[in-house]
Structures are given as structure tokens and as C-alpha cells.
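Please open the model in a viewer and keep the selection panel at hand. The tour below proceeds from one selection to the next and states what is found at each stop.

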Amino acid sequence: MEKRKYHRKLWIVFILAGVWACIETTSWAAALESLVPKKGLPQGWTLIQGPQPYNRKTLFEHINGQAELFIQYGFQGSVFAIYQHKERTQNQIEADIYDMGNAVQAFGVFSRFRNEDRPGGFGLDSYLDDHSAFFYKSRYFVLLYAAESNRDTLTHFSRLIASKISDPTPSPKEIGFFPKDGLKPASIQYFPEGLLGKQFLKKGFRGTYPNGEKETHLFLSIFKDSREATNALKLFQEDLSKKGKISPENVIPFGDQAFKGEDPYQGKVIVLQKGFYLLGGVGFEKDEGVIPRLKELLGRIK
Amino acid sequence: MPTRRMDRRKFMKNLSATVLGVAAAPLLRSASFGKSGQGASVEHRTLGKTGLRVTSVSMGVMNCSDPSVLLRAFDLGINFYDTADCYMRGRNEEMVGKTFEGKRTKVFIQTKVHANHEKNMRASVETSLRRLRTDYIDVLVWHGHSSPGEVSDPDLFEFMSKMKKEGKTRFTGFSTHRQMAPLLREAAKSNFHDVALISYNFTHSKDMKEAVALAAQSGIGIVAMKTQAGGYKKEKMGGLSPHQAALKYVLMDRNVSCAVPGVTTIDQIEECAAVMGASFSQRNLNELKQYQSFLQGRICTLCGGCKGECPDEADRSDFLRLAAYHDGYQNDQLVKEVLEGNPRLKNIEPCSGCSSCAVVCRRGLDVRTQVKMAKEIILRS
């Protein structure tokens, strides 16, 4: 009798768990689909396809191999829709709205897609040209593509979608740490792993500072705690000792938790630790070109 | 006498012995599965009727974010690089072009074009050439075929023929993620395609293997992508990298000309390149197929990549471990040991009841589902 009661309870738990899972999935998809504009469209435009949801398993069917990049950045799900001009049917706009889990990852994907500074004035940061518009806001990365040159309509759709994202989460604070003087516009990128191509650096940001025909990069790698950061600093030092060289020079004014060296692929390197961050510069020619910027970066880390 | 607490390292050690067999583990460790150095052996194979001699381990550039990784691949002798017009809106092609400027004759570049009007496709190819800083592409691949009809599309033939005649590309092909076996069989009937970029790994069926063989025999160069889905945590696998094993498994099929694993770091490309020097018997490789559950993303590999992501610091990794023991390795003795050693794990409610799980698995594992599975295991135990 007791056993039967137990089994009944267990079944109830399973059923409730199933119902809860269904509600969760449905509400998640509904939340994402609600960002697809159906009203207030630009004059003459109509929704002709979608919203079509995609998850981690089906994203490949939609964007082929590029799905890997999104999954690397924490892709949770997406919706796709196509809009068409009622009279000029060749004139279509495709919209993809990706839920990337959080604002850092949404910025990360955005930063990998952006190849020049052409802000469109929507979302937390954006890009706009004649055929495409993309932006990120909160945990969402939004990408629009127009078959015909259509900057105004792309702007209209982008603003419409951005207005539906009410979450006020700001841009990742680390973006603001990078010194602005000399920074190549729109060059700050976020990588969820393998920063500078180095496994031990894990996730972090990189900004580019043109230096004649060459480029200097400042980087900011983020760890769980200062112990992990110290460990990564040691690994960096070991890596340079094996594959490049460590400079015997004292890296004043950065103290003990810092070193200089040369990487066979990145060129000159300065690395230092502050709390759970590792920061540094790579690819510079003279110390004067990087130390003032590193000092500034260091000073901005709170 | 079982230990009261099974730590991860011990678990992995036990696992490698259980799954691979005690005899296989030392054999695998003794093979040159370590990191590739400057003088690592490099294996070349012929890419079908193109005649290009490509490295069996080549490189998928898509996820790569830093030129240093490409330069390291080049130094390791890798000579075939796969990119696409659409990856990061062309930034990926730009990186390849910039990195290999001055080295163009020493590398083979494969990029892609999407089905569209001829004018748009032509513009796409021209843009790719500009980004790649070259006046020719080695292999131009039609991106993402999904039906056999597309493979024999006369419009495709015409456009690709023009690209060859105009010298924009030396060879052409197609890529596919779906219906691969029928597509390969259809492609094998015509003499048109030089290369097929396909998703191919140890999970694929005999039918797929036969289709690959048929296509290869017809002269199509087979480039394998998605050869692996595992992590890079060989130190936690008793010295064996599941990633390398999966890659080697694919390359054991001599119908495959090369594999293009996607890499993001220097460590990863060195690890992949080292596979070219490793040799295994068919028996060992069949045993490696048992790693399938690890590599398919069905269960947690305990890689630790999600550590620290839960804002409430839930014991999620222990829950995932329970699910892995039960579902992946079907070893409830291990489940019992973990539960006996960690009575607090029975308090799974705060984690399983959380509706805003912030934990993201890099390998695409559904963390919530795994936690639910752990809950069921705990309720049953």
C-alpha cells in the first residue's frame, strides 16, 4: 500500500515536472517570438514568414556551420522572420533575433560580426550599412539583412525590435575600461574562450590600437577569482619561457605580479594581474607606446 | 571497499579503464598523442581529382579569433584552410587573407558562396577574393546543400563552370549538413563536383560510410567537418584526448582526404596536428567508439567549463555528475558512492526548481534537463 502511494507521488512529481518544463519552454519561445514586430511596420511592409524558432540542435539547419560560433557564445535560442514589401516583392528583409544568455555574450557575437564603425543608433551598440543592420541589447543579438539597398527600412525595423526589449541591462563594464585615446573605433571584442589564441587566458576582451601599419592590442582576461588569475599569469610566463622569451627587465611600475617578454606570434608582450583580471599589451614596438595605456586601463579597473 | 568520496580525477581514471579496457589505455597513452612540436610528422593526402596534396589534418578557421593560431597551424605544416564568405560577415576571410599574405602559394584556401542570383553570387566571390587578398580561390564551395536535387542543379553547374573558366577558382564543390548520404550518391553520378565538405564522424552509419566511399571513388575529394564534438580535457581522461580519438577515427577512413576541425587556440591546433603522427589498430578505434556518449554532448564531461556561472553557487556540477554516472556510464554503484559521500546532494530542490538557470554549457548540453535527471535519480535512490 505504502509502495503504491510512493509510486503515485512519484508519478505526480514527474507529471508536474513535465508540465513545468512545457510551460518553461513555451514561455521562453513566446518571449522570444514577442520580439518579432507584427504591428507598427514600415509603410507597405508585411510579415510573410515566421516567427520560426530555432534551438541549439536546429540552428545548423538555419545558418549552417556558423551555428558553432553562436553556440560557443552561449546561444540559447532564436527566432527568424521575413518581411516583404507589398508592391515590390523582391524587396525583402530577413530578421534573426538571438537570445545569447546575457549581455556580455550578446556583445561578444556583435563584436565578432562588426568589422567597422558604422553605428545605426539603436540598441546598446549597432552597425548599419545599405544591406544589413545589427545590434545588441540586453541578452539579445539582432541581425537584419535586406535583399535590396534599404537603410531607412532597416533602421525602422531595428528600432522597432530594440523598443520591444525592455531589459535595462547596460553594456559590459569592461568595454569602458579600455583607454579611448588611439583606440581603433569599434575594435573592442569579447571572446568566450582562447583569448589571444591562448587556452589559459580563457574569456576576455581585446581592443586594438593602430601603430603605423602594425597593431597593438590591449587585453583584459577575466577569471573567477584572483587565485585563478595568478595561476594563469604563471601559465603565461611558462608559455613564453618555452615558446618565446621572458625579459629580465623589471616591469616598473607594475610590480611583482607582472612580466615582459616576447611571443613568437604576438610579438612583444607585457602582462600583469589585478585581482581576478589579467591585463596586458601585445604587438607593440616600444614600451612607451603601451605602458601609458596599460596604466590607464589598470586605473579604470575597480 | 569503495571509497566514500569519488573525486573527478579518480572517476575519469576508472572510466577510461572501464570503457576502453585496461589493455587499451596504456597502448593509447604510448602512442604519439601528445602535442605536436615543430618537427611533428605531417601526413598529406590527395584531395580527390583536384590532385591537391593537402594535410590530412587541416583547419576549420571559422571559430578562430586570433591570427597567431593560423600562423601556428602554418608552422606545423598544415596547408588547407576552410573559411566562408558569411562567417562573421566576412571578418573570417579577412583574417585568413591578412595572415597568409605573402604565403599564398604555400596554402590552399577553401571558401563558400550561397545560392542566389548570378549577379549576387558573382559579387560574393569578388568580395571573397578581395578579403582573402588573392586573385584565386583554391576550392569554391556551394554552401549548405540540403537535397539531392541541389547537387545536380544546372544553374549551379553553369555558375561554377564560369568561375573556373574565369580563373576565380581552381576547383568547386558543395557543403552539406543534412541528407548527406543521398547527396553524396547523387554527386557521385555526375563528373561535376571536385570536393564535398561534409559532416562526418564516428557516430555516422554504415550507409554514410558507403556513400563517402562511393563519392571518393568517383573522384570527389572528401573534406570532413564536425569530426569531433568533445572537449580538450585530455588530462582528465587518463592521458587520452577524446578530441584526438574522434579525429583519428575519421582519418582512418582512407576515403577522407582531410578533416577541418574547428579550433580557437594554439593548444588545440597542436593537439589536432599531433593526430597525424598517431597510429592505431582498427580494434582500438572501435573501442574508442564507446566514447560516443562523451562526445555527443548527451552527458556532462565534467570539463568544469561552467564552473562559477551559477550566481547562487549551486552544487550543479555534482548533479551533472550524478546524471553522467547514471545515464552515460550506466553505473549506479558510482551514483550510490557519490550520494553516500555527499548527503547534502539530496537537497536538489533549490537547483531543480530554479527557473532562471544562468549556466551555459559550451558543448550545448541542456543543463536543466541534466539537473532534472539528477533529481529523478535522487528521488529513486
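Select helix α17 of chain B, residues 367–380, in this predicted model. At 1.5 Å a residue, the 14 residues of this helix should span 20 Å, and its end C-alpha atoms are indeed 20 Å apart, so the expected and computed lengths agree. The expected figure is 1.5 Å times one less than the number of residues. Within α17(B), the buried residues are B:Val367, B:Gln370, B:Val371, B:Lys372, B:Met373, B:Ala374, B:Lys375 and B:Ile377.

**Chain B as a whole**

Widen the selection to chain B. Its secondary structure consists of 17 helices and ten strands. Of its 381 residues, 50% are buried. Among contacts between residues at least 6 apart in sequence, 76% join residues at least 24 apart in chain B.

Next, select α4 of chain B, residues 91–99. Which residues of α4(B) are buried? They are B:Asn92, B:Glu93, B:Met95, B:Val96, B:Gly97 and B:Thr99. To see what covers them, add α3, β4 (80–82), β5 (108–113) and α5 (118–132) of chain B, which are included in that cover.

**The contact between the chains**

Display both chains and select the residues in contact. Chain B contributes 34 residues and chain A contributes 29. On the side of chain B that touches chain A, α3 (67–75), α4 (91–99), β6 (137–145), α11 (266–273) and α17 each supply at least two residues. The helix α3(B) gives the most to this side, with four residues. Coloured by class, the side of chain B that touches chain A shows eleven nonpolar, 13 polar and ten charged residues.

**Chain A and its two domains**

Now isolate chain A, which has seven helices and 13 strands. Its C-alpha trace spans about 70 × 65 × 30 Å along the principal axes. Of the 302 residues of chain A, 45% count as buried. Among contacts in chain A between residues at least 6 apart in sequence, 55% join residues at least 24 apart.

Colour chain A by domain: domain 1 covers 29–164 and domain 2 covers 173–300. Taken over C-alpha atoms, the centres of these two domains of chain A are separated by 33 Å. Their contact takes twelve residues from domain 1 and seven residues from domain 2. Which element supplies the largest share of the side of domain 1 of chain A that touches domain 2? That element is α4(A), with six residues. By class, the side of domain 1 of chain A that touches domain 2 divides into three nonpolar, five polar and four charged residues.

**The open sheet of chain A**

Select β1 to β6 of chain A. These six strands form an open sheet in the order β1-β2-β3-β6-β5-β4, with antiparallel pairing. Strands β1 (45–54) and β4 (125–128) of chain A stand at the edges with a single partner strand each, so one side of each is left without a neighbour in the sheet. From one strand to the next, the twist averages 10°.

Proceed through the pairs in turn. Strands β2 (residues 77–85) and β3 (residues 92–99) of chain A are antiparallel and share eight bridges; A:Tyr83 has A:Ile93 in β3(A) as its bridge partner. Seven bridges then join β3(A) to β6(A), again in the antiparallel sense, and A:Ala95 stands opposite A:Leu144 in β6(A). Between β5(A) and β6(A) there are six bridges in an antiparallel pairing, with A:Phe134 opposite A:Leu143 in β6(A). Strands β5(A) and β6(A) also form a hairpin with two residues between them, and A:Ser138 in the turn has a positive phi of about 55°. Is β6(A) mostly covered or uncovered? It is mostly covered, with six of its seven residues buried.

**Helices on the sheet**

Finally, add helix α4 (residues 103–113) of chain A. This helix packs on the sheet and touches β3, β4, β5 (132–137) and β6 (140–146) of chain A, its direction making about 155° with that of β5(A). Then add helix α5 (residues 151–164) of chain A, which lies across β1, β3, β4, β5 and β6 of chain A and runs at about 155° to β6(A).

Notes: Residues are numbered from 1 along each chain as its sequence is written. Chains are lettered from A and ligands numbered from 1 in the order in which they are written. This is a predicted model: local features need pLDDT of at least 70, side-chain atom pairs count only at pLDDT 80 or more; totals for chains, interfaces and linings use all residues. A residue is buried if 20 or more other C-beta atoms lie within 10 Å of its own, exposed if 12 or fewer, and partly exposed in between; C-beta atoms are placed from the backbone. Two strands pair if DSSP finds at least two bridges between them. Axes are lines fitted to C-alpha atoms, for helices over the stretch in contact, and angles run from 0 to 180 degrees between N-to-C directions. Two residues are in contact if their C-beta atoms, placed from the backbone, lie within 7 Å. Ala, Val, Leu, Ile, Met, Phe, Trp, Tyr, Cys and Pro count as nonpolar, Asp, Glu, Lys and Arg as charged, and the others, Gly among them, as polar. Domain bounds come from an automatic or database domain assignment.
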